[in-house]
Amino acid sequence: MKTLKSVLFATVLLFGGAAICEAVADDKYFQPRELIQVSNDNVEIAYDQTSAEVAVTAKSAYELYCRSPWLTVVQEGTTLKISAKANDAFVPRSAKIILTTKRENVSRVITVTQKPEPGHDQFFGLPKEGNILPLASLDLSKATHDKFIKEVLKNRSVEGGTIKIKNNTYESAVATHANSTFKIKLNGAMRFVTDLGIDDAILDRSAETHGDAKYRFLLDGKEVAAGRITITDKTAPHIDINTHGAKVLEIVFDSNGSNWGDHIDMGNPYFELTADKPELID
């Protein structure tokens, strides 16, 4: 093993740049080979960084495989030139570069990870002061939803994972599928607050056909907030409604055309109370 480890080694150097290249597809990437992996290295680049260099030394010629929609790598002598499309989304992403030598039958895997834009990797807690009641603490069985799901979900996404909106997580959350309606008798509640978004799980679907919905908030039948959410939004709408004096709050999510991928999350939805708890009604 000492001999193998001496065959291939690397030093990683990073620098900022502006080069953007298209990915190179190579079907050989998917062909399994009997290789001895001698190293597994990680390269991290910032969300706005588009290039990096990896210097590699080997005793014999090597082959390079990389298949990625956002990262390209080319060989220039003993240097690998990495070019990445700018990460204009809000989630981290990674791609692998596989380096092999025929004569020594060894391989090296370089994992390139691009970090998310700052502000899109946070945990948001509920307020610690005030008479706070999370929506997730109520019986939500009377809320309507698309038949894709059996029930409105608390603290887990429609697909069963952690609820994430723009790569941010929440202490309390509710997930549903458009079309969906929450009709809530306020019982004196003074305020309702929430963040809204299409769940990040839809990011790997086509943005043209998945994750596009409309929302409306009504107090006693009068619309007080409305808008649109899509999977490509950069930020999550923040809803803050003064419900003082109103009897019923309606939260309505409708598809904007097709409802494919309309996996809607409410992050930290809560009421500020005076006395009695709100309750869902038919």
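Helices (H or I, at least four residues) and strands (E, at least two) are DSSP runs, numbered from the N terminus. By that assignment the protein has one helix and 21 strands. The model is predicted: local features need pLDDT of at least 70, side-chain atom pairs count only at pLDDT 80 or more, and totals for chains, interfaces and linings use all residues. Residues are numbered from 1 along each chain as its sequence is written, and side-chain values use heavy atoms, with hydrogens and water left out.

**Whole chain.** Begin with the full protein of 282 residues, of which 45% are buried (under 20% relative accessible area, with exposed over 50% and partly exposed in between; 1.4 Å probe, protein chains only). Displayed as a surface, the protein has an accessible area of about 14,500 Å², 49% of it from carbon and sulfur atoms (Shrake-Rupley method, 1.4 Å probe; for residues, only the protein chains shown count as cover).

**Aromatic pairs.** Rings of Phe, Tyr and Trp (its six-membered ring) pair if their centres lie within 6.5 Å; planes under 30 degrees apart count as stacked, over 60 as edge-to-face and the rest as tilted. This rule yields five aromatic pairs. Select Phe192 and Phe217: the ring centres are 6.3 Å apart and the planes stand at 40°, so the pair is tilted. Phe192 belongs to strand β15 (residues 191-198) and Phe217 to strand β16 (residues 212-219), so this pair ties together parts 25 residues apart in sequence. Both Phe192 and Phe217 are buried.

Keep Phe192 and add Phe271. Here the centres are 4.9 Å apart with planes at 50°, so this pair is also tilted. Since Phe271 lies in strand β20 (residues 263-272) and Phe192 in β15, the pair ties together parts 79 residues apart in sequence. Add Tyr215 to complete the selection: ring pairs link Phe192, Tyr215, Phe217 and Phe271 into a cluster.

**Largest nonpolar core.** A nonpolar core is a set of buried Ala, Val, Leu, Ile, Met, Phe, Trp, Tyr and Cys residues joined through side-chain atoms within 4.5 Å. The largest has 35 residues, and Phe182, Phe217, Leu249, Ile251, Phe253 and Phe271 touch the most other members. Elements giving two or more residues to this core include β14 (180-185), β17 (222-230) and β19 (248-255). The most come from β16, with four residues.

**Around Phe217.** Centre on Phe217 and show its contacts (heavy atoms within 4.5 Å). Beyond neighbours within four places in sequence, Phe217 touches, among others, Thr194, Leu196, Val224, Ile239 and Leu249.

**Second core.** Finally, select Val43, Val54, Tyr62 and Ala84, which are among the 18 residues of another core, apart from the largest one.
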